[in-house]
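Q: Please give me a close look at one part of this model. Keep it brisk, and stay with what the atoms show.

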Amino acid sequence: MVKKIFAQTYLWILLLLLYSPIVIIIIYSFTEAKVLGNWTGFSTKLYTNLLHTGTHHSLMNALVNTITIALIAATASTLLGSIAAIGIFNLKARTRKAVGFVNSIPILNGDIITGISLFLLFVSLGISQGYVTVVLAHITFCTPYVVLSVLPRLKQMNPNIYEAALDLGATPMQALRKVIFPEIRPGMISGFMLALTLSIDDFAVTVFTIGNEGLETLSTYIYADARKGGLTPELRPLSAIIFIVVLALLIVLNRRAGKAKK
Amino acid sequence: MNKKFLIFLSSRKSWTLPYLIFAAIFVVIPLLLIVVYAFTDDNGHLTLANFEKFFQHPESINTFVYSIGIAIITTVACLLLGYPAAWILSNSKLNRSKTMVVLFILPMWVNILVRTLATVALFDFFSIPLGEGALIFGMVYNFIPFMIYPIYNTLQKMDHSYIEAAQDLGANPLQVFLKAVLPLSMPGIMSGIMMVFMPTISTFAIAELLTMNNIKLFGTTIQENINNSMWNYGAALSLIMLLLIAATSLFSTDDKDNTNEGGGLW
């Protein structure tokens, strides 16, 4: 019993430590002070500022860029990765291993290497960096994760179902759509979600591929801000809102998954 | 030859082609470009000057060694703090533990830079000086979910009858842990170490923010050189880091195979 209480306390202390910065952001989103950590009385002015996009146009622009880049990159990498996974699954063991190695390079490399290598690619090809290069870079580091989430689904699949569909007169395309696609759909969805998360949170790859024509994502905006010596106060309510929305989404998804199991 | 290619195109194998072409352009060629830039000068002539520059500057070597040290300390701290948490999580009831795991991963949804700045505010609040200690704490804080999650996964899949068998055979709790639980959870530990060590060694913005630019890590050095248009030198430094990453991943896959064998023998 004592052991159990001790174990639970340990978990809660860790969680408390993990969440304390987030709690601080949420608390200080309700005050007007310029610097995070100064309390100048309760106020919701930062929230109203944020909602009137006019006052903080650049921050809202950065947010929109972050979200559209993430959606485009996640969609493209889900398509590319799922098609690739079906191909890889049908390869012979040795070639499969080789392709798997190439696939694991961006995962192992670390952001900074991926960022610099792509930077050098765009520079030597003379491509001017901006929105398109950021999207391409994000597809590059997201696709491997999609491949890795779709492949196990294919391995779990009963291969006889596909054959059965063909025997029953389905064309390969029909069999693909009606048999294989439903089987790998959960893998595609989790791959898409993973890609979305990675893209939204990315900083290192973005900063090397975004160029210097004024395009900003949330990460580069915050970085530039922090270098100038402080955060734009409106970032506090924005982070708080994002956190609450994600929390709500996860709770809903968990509830649904729980119900589906029952 | 042509016929063979046609057969390949009509089979499902050819579905790898779009991705292979994409990966060739955006993964393989860029990596080769790092090598090309590292071994050439501004005019494109072959040279070793970039590497000579690195080995002649004690400052950059010091930064390199220091970054490795910080990454090792961070990884060990994450392991020591994260393993018990993963163990406790894997032992609680399934439904509850799932919620708890989600709770541990959730903070990663707040932008990493915002989280880091909030940590800075936290240190200010308790008037803890920003420096080495703050840097390590901040890194542990940012990367510990990556350690907990894989270890939790392996511990959860672990067959608990091994533990019971060890207990029945008279092993004390410490022996049970060292001889049964730890070896069985080795794959999770290894991928946890990879997932913490790799990003800590190459991080740059986090260190800047946590130490008010007082402590420089290797990632920052690389970024500064690229930003100052010293692409060739920056590429050489990247290549050095790439070699380190390759060495680490080789080392850990080696270990993984060994433990798999060990697990089989057991």
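**A close look at chain B**

A: Of the 266 residues of chain B, 48% count as buried (under 20% relative accessible area with a 1.4 Å probe, protein chains only; exposed is over 50%, partly exposed in between). The model is predicted, so local features need pLDDT of at least 70 and side-chain atom pairs 80 or more, while totals for chains, interfaces and linings use all residues; side-chain values use heavy atoms, without hydrogens or water. Residues are numbered from 1 along each chain as written, and chains are lettered from A, ligands numbered from 1, in written order.

Start with the fold. Chain B has 13 helices and zero strands (DSSP runs: H or I of at least four residues, E of at least two). Read from the N terminus, its elements run α-α-α-α-α-α-α-α-α-α-α-α-α.

Now the overall dimensions. The C-alpha atoms of chain B fill a box of roughly 70 × 70 × 35 Å along the principal axes. Its radius of gyration is 23 Å, whereas a compact globule of 266 residues would have one near 18 Å (C-alpha atoms; 2.2 Å times the residue number to the power 0.38).

Next, contacts within the chain. Take those in chain B with a separation of 6 or more (contact: heavy atoms within 4.5 Å). Residues 24 or more positions apart account for 73% of them.

The surface follows. Chain B has an accessible surface of about 13,200 Å² (Shrake-Rupley, 1.4 Å probe). Carbon and sulfur atoms hold 67% of that surface.

Then the partner. In chain B, 68 residues are in contact with 75 residues of chain A. The area buried between chain B and chain A is about 6,700 Å² (accessible area lost on being put together, 1.4 Å probe, summed over both). Carbon and sulfur atoms give 79% of that buried area. Between chain B and chain A there are zero salt bridges (Lys or Arg side-chain nitrogen within 4 Å of an Asp or Glu carboxyl oxygen).

Chain A, for comparison, has 11 helices and zero strands. Buried residues make up 47% of its 262 residues. The C-alpha trace of chain A spans about 75 × 65 × 35 Å along its principal axes. The radius of gyration of chain A is 23 Å, where a compact globule of 262 residues would be near 18 Å. In chain A, residues 24 or more positions apart make 70% of the contacts with a separation of 6 or more. Chain A exposes about 13,600 Å², and carbon and sulfur atoms supply 68% of it.

Definitions and conventions:
Buried area is the accessible area (1.4 Å probe) that two parts lose on being put together, summed over both.
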